[in-house]
Amino acid sequence: MAKGQTTRDFARNTESAMQVQIHGMDWVRGLAEQSLNLSKTACDGYLTTARKTAESINHQASEIRERSISLASEALANTFDFANRVVRVKEPQEVLQLQSEFLSRQAQALADQTKELGQMLVLGANAATGTAVDHMRRAAE
């Protein structure tokens, strides 16, 4: 012990040091708990965003699948219509006219399908991006 310091002073200093240490540990514990809570909230937000994005992608894939089946059905209908008309042809030049009409219908159906799929992809991508940004913004708050 230092000169002039009594046992009582030493006990008070030790008790003060322990109080400071306890206060410091409580502060660190509180800070750690707050950080964990914020991390959990952020992770929950990211998982929610991932789920919403996956749902959006699944919905978009379903729409694309349905539209593709519709195009295949339309193409088959055009093909059978063309075949039925060719069977009834009486003059050779009619075949060329029918073939031209058939190809024109098929090309138009494909062009319409491509345009619709492009629009669906853009809308889906915008929706997924908007959902992700919204959830991340909420998680950050």
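Guide: Buried means under 20% relative accessible area. This is a predicted model. In it, Phe82 is buried, and Phe102 is buried too.

Visitor: How many aromatic pairs does the structure hold?

Guide: One. Phe82 and Phe102 make up that pair. Their centres are 4.7 Å apart, with 25° between the planes. The pair counts as stacked because planes under 30 degrees apart fall in that class.

Visitor: Which parts of the chain does the pair link?

Guide: Distant ones. Phe82 is in helix α1, and Phe102 is in helix α2, residues 92–140. They are 20 residues apart.

Visitor: Now charges. How many salt bridges are there?

Guide: The count comes to six. Take Glu116 with Arg67: the closest N and O atoms are 2.5 Å apart. Glu116 lies in helix α2 and Arg67 in helix α1, so this bridge ties together parts 49 residues apart in sequence.

Visitor: Is Arg67 buried or exposed?

Guide: Buried, because its relative accessible area is 19% and the cut-off is under 20%. Its partner Glu116 is partly exposed, at 31%.

Visitor: What else does Arg67 touch?

Guide: Set aside neighbours within four places in sequence. Arg67 is then in contact with Gln113, Glu116, Leu117 and Met120. With Gln113 there is a side-chain polar contact of 3.2 Å.

Visitor: Which salt bridge joins residues about one helical turn apart?

Guide: Arg29 with Asp26. The two are three residues apart in helix α1. Their closest N and O atoms are 2.9 Å apart. Arg29 is partly exposed, with 44% relative accessible area. Asp26 is partly exposed as well, at 41%.

Visitor: And where does Arg105 find its partner?

Guide: At Asp81, with the closest N and O atoms 3.1 Å apart. Arg105 is in helix α2 and Asp81 in helix α1, 24 residues apart. Salt bridges with shared partners join Asp81, Arg85, Glu101 and Arg105 into one network.

Visitor: Which residues form a nonpolar patch on the surface?

Guide: Trp27, Val28 and Leu31. Together they have about 330 Å² of accessible area. Leu31 lies in helix α1. Leu31 passes the patch cut-off because its relative accessible area is 39% and the rule asks for over 30%.

Visitor: Last one. How far apart in space are Ala42 and Gly24?

Guide: 27 Å, C-alpha to C-alpha, for 18 residues in sequence. Ala42 is in helix α1. Ala42 is buried, at 18% relative accessible area.

Conventions: Residues are numbered from 1 along each chain as its sequence is written. This is a predicted model: local features need pLDDT of at least 70, side-chain atom pairs count only at pLDDT 80 or more; totals for chains, interfaces and linings use all residues. Side-chain values use heavy atoms; hydrogens and water are left out. Buried means under 20% relative accessible area, exposed over 50%, partly exposed in between (1.4 Å probe, protein chains only). A polar contact is a pair of N or O atoms within 3.5 Å; within protein, one must be able to donate a hydrogen and the other to accept it, and residues adjacent in sequence count only if both atoms are side-chain atoms. Contact means heavy atoms within 4.5 Å. Helices (H or I, at least four residues) and strands (E, at least two) are DSSP runs, numbered from the N terminus. Rings of Phe, Tyr and Trp (its six-membered ring) pair if their centres lie within 6.5 Å; planes under 30 degrees apart count as stacked, over 60 as edge-to-face and the rest as tilted. Patches are made of residues with over 30% relative accessible area and no salt bridge: like charges are joined within 9 Å, nonpolar side chains (Val, Leu, Ile, Met, Phe, Trp, Tyr) within 5 Å. Accessible areas come from the Shrake-Rupley method with a 1.4 Å probe; for residues, only the protein chains shown count as cover. A salt bridge is a side-chain nitrogen of Lys or Arg within 4 Å of a carboxyl oxygen of Asp or Glu.
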